[in-house]
Structure formats: C-alpha cells, structure tokens
Amino acid sequence: MGANDDPAAAERLAAIRDYRLIQLTGDAAQDDLVRLAAQICAAPVALVTIIDAGWQWFSARVGTDAPGTSLDDAICIHALDADDMLVIPDLSIDARTRDSGIVTAGPKVRFYAGVPLRLNGVATGTLCVLDVVPRPEGLTDIQREMMRSLARQVVAMLEMRRLLAERDVTLARIADAETALSGNEQRWQGLFQNLGDGFALGKALRDDDGRVVDWQFFDANPAWYALWGIDRATMLSRTGRMLDAAAPGSWADDLHGLLRDGTPVGFVHHIPTLRRWFRGHCFRIDSERFGAILQDITNERGAEGRQSVLIELGDVLRDCHDAAAVAQVASALVGEAVVVRDVQTDSRTLHRADGLLAMSVAAFVIVPVRRDGRIVSAFVVHDPAPRHWRAEEIVFLRKVADRVEVGMAQVESEVQRNLLIQELAHRLKNTLSMVQAIASQTLRGTIAREPLDAFERRLQALGVAHDVLVERNWVGADMHATVRQVLAVFGCDDRIALSGPDVALGARAALSLALMLHELGTNAVKYGALSAGAGRVSIEWIVEDGVLCFIWRERGGPPVRTPTRRGFGSKLLRLGLTGNGDSETCFEPDGVVVTMRAAVSELTGG
C-alpha cells in the first residue's frame, strides 16, 4: 500500500516536507546526541532516522557509514506506532524483524531500542541504538529515561531548524525584494505582504489543581498587534480566550503539555471576527511562560475567494459599455485611488467644500496603502486650487505610497528578525543548560566525576560558540572572535598568541572549532604548556589556494609523552574542522602540535 493509500504515511511524508527533513545537510548537534546515546546505552551504533517514502535516511549516525536503508530492511518503521519506546531484545526471533536484510545478512544486527520522534504529533523517525548481540535484559531504567530525554532534544533541534529555515526564507525575500524594487514595484510589494509575522510572549493561567485553563500575553511586537487589530492595553487587559472566542477547548490541554515536557506545538487557526487565517508555533520558555510566532496565511486560504472575485468581475464587465463604468466596477471590487479635481463640484465633497477650502484643500488625491490585502493607511496629496490630475501623476503617487509602505515594513521586519534571533538563542542556551542538568542529576554517583565534568565543559564551550554566532545573527562568526572567546575561559590570554588573517566561519564550522579549542585548551591547562608557569601556546592559521591550515603549538611545558589511551577528545580532534579527518596530532618532546586543514568554502557554509 502506497503513501497515497495510507493516511498515516501521507501525514508523515507531509510533516517531513514541512520540516524540510528531506534536505539533509548534517548537523553537528545531532551527531553529538547520537554519540551520547551510544555511550549511555553502551551500543556500537546509534542513529537519528527519517522514514521517507521507500527509504530510511540517517540524519545523524555513529558506528556506521551507511546513509540509510530501504524500508524493507528498516527496523525503525515498527517503532513509529509505539507510545513511548520500542525495545526488541533479539531481532532474529521477533516475527516483525527476523527476515530483515540487516538481521539475516550484512551487519547481522540482533538488538534494537528506538524512541519515535514526533513533530506536531506525527512520528517521522526515531532516535535508536543497535547492537550485534542479543540483550535479553533490554535497557536499564536510567538508559530508557536518557533515551527519552535525548529524543526530546532531537525534536527541539528539528523545531529550531525549521524556524531558522523560515528566517532564512524571510531574509531571502528581503534580498529579492530589494533587487526587484527598481524594475517591478508590484512584485516587490507582494513579497513584503508575507513579512507580517507576529511574535508574542505569554504565561499560563492555572486552576487550583495546577491545570492550565487559559493564558495571557504580556509582550508582543508591532506585527502581532497589527495582525490582531488591537493595541497593547487591550492585550494586557484580556486573557487569551477573551481575545479569541474561537480558540478550541483543546488549546489549554496542549499548552499544559507544552509547559510540562517542552514539546513545541503547531496549529492552523481561523478567527471569524478578524476574518483571517493564521499558522502558529508555540514553544516553552520555562514552566509557566511560552513564546508564540504567528503568520498570516489568509492569502493562501483565500485563493478560491479571489478566483470568485475574478469570475464576478468578468460577468459584470460584460454589461459595461464605457470606460467610466469599467473603472467604477473594478474600483468597487479591488479598491482604487480617490481623485477629486474640485471639491466644490465633486458630489463626494460638495457638502463639506467650505471646510476643505478653509484648510486650503481645493483638490486632492487619496492613495490607499495595503498590507495583507487590507487597507491600513492612506497617502494624501492636496492642492489649494482646483486641479486636473494627470494619469502619470496618479501612477507616480501610487509608487510613492508603495515605497513608504515598503520602508515601514522593512524596519518592522528587521526589529522582528532581531527579536526572533535573540529568543532562539535564549531557548538554545536553556536547552544546553537542561541537557547539562539532566546529565548531572542522572549520572551523579554512577560514573567518575572527571568525565561528567568534561561533558559539562564541552556544553559550556558550545554555549560560548553560540554567543559568538548570536552577535552576527547566526550568519556566521569570525575566526579571531571565536578563538578569543573560547580560550578566554582559561584565564591565560597573556600566554596565548594568535596570528592569522580574517576568516569568516559558518555556524557549523564555528561550533566545531569551539569544541576543538576547548578540548585543546583543557588539555594544555591540565597536562600541557599552560600547566607550567613558563609555558606558551601559539595559534596560527594561513590560507593558501583556498585551503585553511590551522596550527596549535605548545612550548615550555612538561615533557610530552604519547598517550596510551585515546578518549572522546582525541576522536573529536581527528575529525578536523569540517569532519573530513584532515587532522594530525604530533606529540613532540617539547610540546604538542596539532595541524588541521579544510577548504575555506566548506568552513563558510552552513
């Protein structure tokens, strides 16, 4: 049965397209989570899978080089309907999996445990671990809880990835609109009609039993007020249900679940009083507060209505016999500029001509300014004497009005974009803090303190790298700034020398570099050059023929010996700046030297 015949499969494929999961580009943060899953469950293989039509993709993986498998061999497809987690202790004897190609041949997998990844309630894939030996005992309670926690983090990352993609689309629309402004003002204005997304912060209102029964917004951006047609005072004086009588009763339960477990919520909603359709996304800030992003999709929903207007216009125009009648009918349907040549003779102004003349208004033109299909303001030009307004003057005034609206929309969009970036950064820092707290509370007393401390320090390094990216609105980061801010936490700036040209890093490369620098700095402080008073570290990078060469060199520390055991840090360094493995570590007697190379084009991407 194909996706068109299976409603669940069709719903899954629609969610995959909506979240852009078929455009796999690799994600270092997801890679970190699958490594954690493998270590926590002591499994050789861990994956983040996406169940597409006919194929299972691996968007993050450890322990295998395969990009995915056919659905005939996919074990994860059986986990999509699981309420919580699917654990199969021995795949070779389970009726669902014993004939799978990866069980009977190839790697001969024997054990599976997977948690479904639900986006807006739709299971699109799994976070799973596999082993080549059966595990009759399955997973421990701690391992199960950690797998659930990591799965929630994957879902949060996919939600954030979608929001960042929408932000990139908005930026692309702005760039396209600016390019087209000089030659096609109508198209430019149409692009900006889609940039009225609203953003608001709200808090839950609970009953005596702690159940969410309503909500209230306490802050919002200008676009939010424009979408709702209210001011700040009105918003603050009313609850969410008072503002929107059409709000479904299930929203309170959805909000309760969102604030409890942090799973983002999406919705499409019609407000009859506003006669508008909206697409929204809500995400948790803390246990009582949430953020909401609102996009007006009335134009998308109104395609059928617009077609009806065109049909009506065609029918009526067939009965018009002169140009004036045609103009009158078209203006009544779509709105038009108001042109008055003489207030004393025009029937629309004759009864108040004296008042207009007292204000030196004998002739005027009113050009409506529209946004999202609505007239939101008007551009008015008047003359103290009667005047015949020429057609080219009316066209010019329309263009002036369009440019005024474009300028206002661009300023509002920039404010909205910055607020969204700051809120996303805040949410990401909260996510990192939550992962750190989960690991600390779950693993405290079960493992040695040293690896737990190392894990927490790596999370802190990620936080520093994200701070650098936020300063540049997630467009990228500067090599100098990234190196300085990551190494500043060690308090040895006077013993670390930097040398190299300006190099712009993409978001992924900046995060990777931050983790590696933190690993090198930690080792230098504990065992290397920075552990001795006379020790020094020099960091230099050069660019030749489109390739960046990055060199970390330690001198003046304790004698160096080649380690007998390689841990996570060594594996991380071997991956290199872009995961291509072009990295070399030399344990010279007078100090460690690490050399990494990567194409500049790969560093600036993603």
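How many helices and how many strands are there in the chain?

**Overview. The whole chain, shown as a predicted model.** The chain holds 19 helices and 21 strands. Of its 606 residues, 46% are buried, and the chain exposes about 30000 Å², of which carbon and sulfur atoms supply 54%. If one takes the contacts between residues at least 6 apart in sequence, 58% of them join residues at least 24 apart.

**View 1. An open sheet of six strands with antiparallel pairing.** Strands of a sheet pair through backbone hydrogen bonds, either parallel or antiparallel. Here the order of the strands is S3-S2-S1-S6-S5-S4, and the edges are formed by strand S3 (68-70) and strand S4 (86-88), each of which pairs on one side only. From one strand to the next, the twist averages 25 degrees. Helix H1 (residues 7-18) packs on this sheet, where it touches strand S1 (45-51) and strand S6 (122-131), and the direction of H1 makes about 90 degrees with that of S6. At the S3 edge, strand S2 (residues 55-62) runs antiparallel to S3 and is joined to it by three bridges; looking at a single position, Gln-56 has Thr-69 in S3 as its bridge partner.

**View 2. Helix H2 (residues 28-41), lying across S1, S2 and S6.** The helix runs at about 80 degrees to S2. At 1.5 Å a residue, the 14 residues of H2 should span 20 Å, and this agrees with the end C-alpha atoms, which are 20 Å apart. H2 is mostly covered, since ten of its 14 residues are buried; among them are the charged-type names Asp-31 and Asp-32 as well as Leu-33, Val-34, Leu-36 and Ile-40. After the helix comes Ala-42, whose phi is positive, near 50 degrees.

**View 3. The hairpin of S7 and S8.** Strand S7 (residues 198-206) and strand S8 (residues 212-220) pair in the antiparallel sense over seven bridges, and the bridge partner of Leu-201 is Asp-219 in S8. Five residues lie between the two strands of the hairpin, in which Gly-210 takes a positive phi near 85 degrees.

**View 4. Aromatic rings, with the pair of Trp-251 and Phe-267.** A pair of aromatic rings is described by the distance of the centres and the angle of the planes. The count of aromatic pairs comes to eight. For Trp-251 and Phe-267 the ring centres are 4.9 Å apart and the planes stand at 50 degrees, so the pair is tilted, given that tilted pairs are those neither under 30 degrees nor over 60. The pair links distant parts of the chain, with Trp-251 in helix H9 (residues 250-261) and Phe-267 in strand S9 (residues 265-271), 16 residues apart. Trp-251 counts as buried because its relative accessibility is 19%, and the cut-off for buried is under 20%. Elsewhere, Phe-217, Trp-224, Trp-228 and Phe-290 form one aromatic cluster.

**View 5. The surroundings of Cys-549 in strand S19 (residues 547-555).** Is Cys-549, at 14% relative accessibility, buried or exposed? Cys-549 counts as buried. Leaving aside neighbours within four places in sequence, Cys-549 is in contact with Glu-540, Trp-541, Ile-542, Thr-595, Met-596 and Arg-597. Cys-549 and Ala-598 are 49 residues apart along the chain, yet their C-alpha atoms are separated by 6.9 Å.

Note on methods:
Residues are numbered from 1 along each chain as its sequence is written. This is a predicted model: local features need pLDDT of at least 70, side-chain atom pairs count only at pLDDT 80 or more; totals for chains, interfaces and linings use all residues. Side-chain values use heavy atoms; hydrogens and water are left out. Rings of Phe, Tyr and Trp (its six-membered ring) pair if their centres lie within 6.5 Å; planes under 30 degrees apart count as stacked, over 60 as edge-to-face and the rest as tilted. Helices (H or I, at least four residues) and strands (E, at least two) are DSSP runs, numbered from the N terminus. Buried means under 20% relative accessible area, exposed over 50%, partly exposed in between (1.4 Å probe, protein chains only). Two strands pair if DSSP finds at least two bridges between them. Axes are lines fitted to C-alpha atoms, for helices over the stretch in contact, and angles run from 0 to 180 degrees between N-to-C directions. Contact means heavy atoms within 4.5 Å. The expected span of a helix is 1.5 Å times one less than its number of residues. Accessible areas come from the Shrake-Rupley method with a 1.4 Å probe; for residues, only the protein chains shown count as cover.
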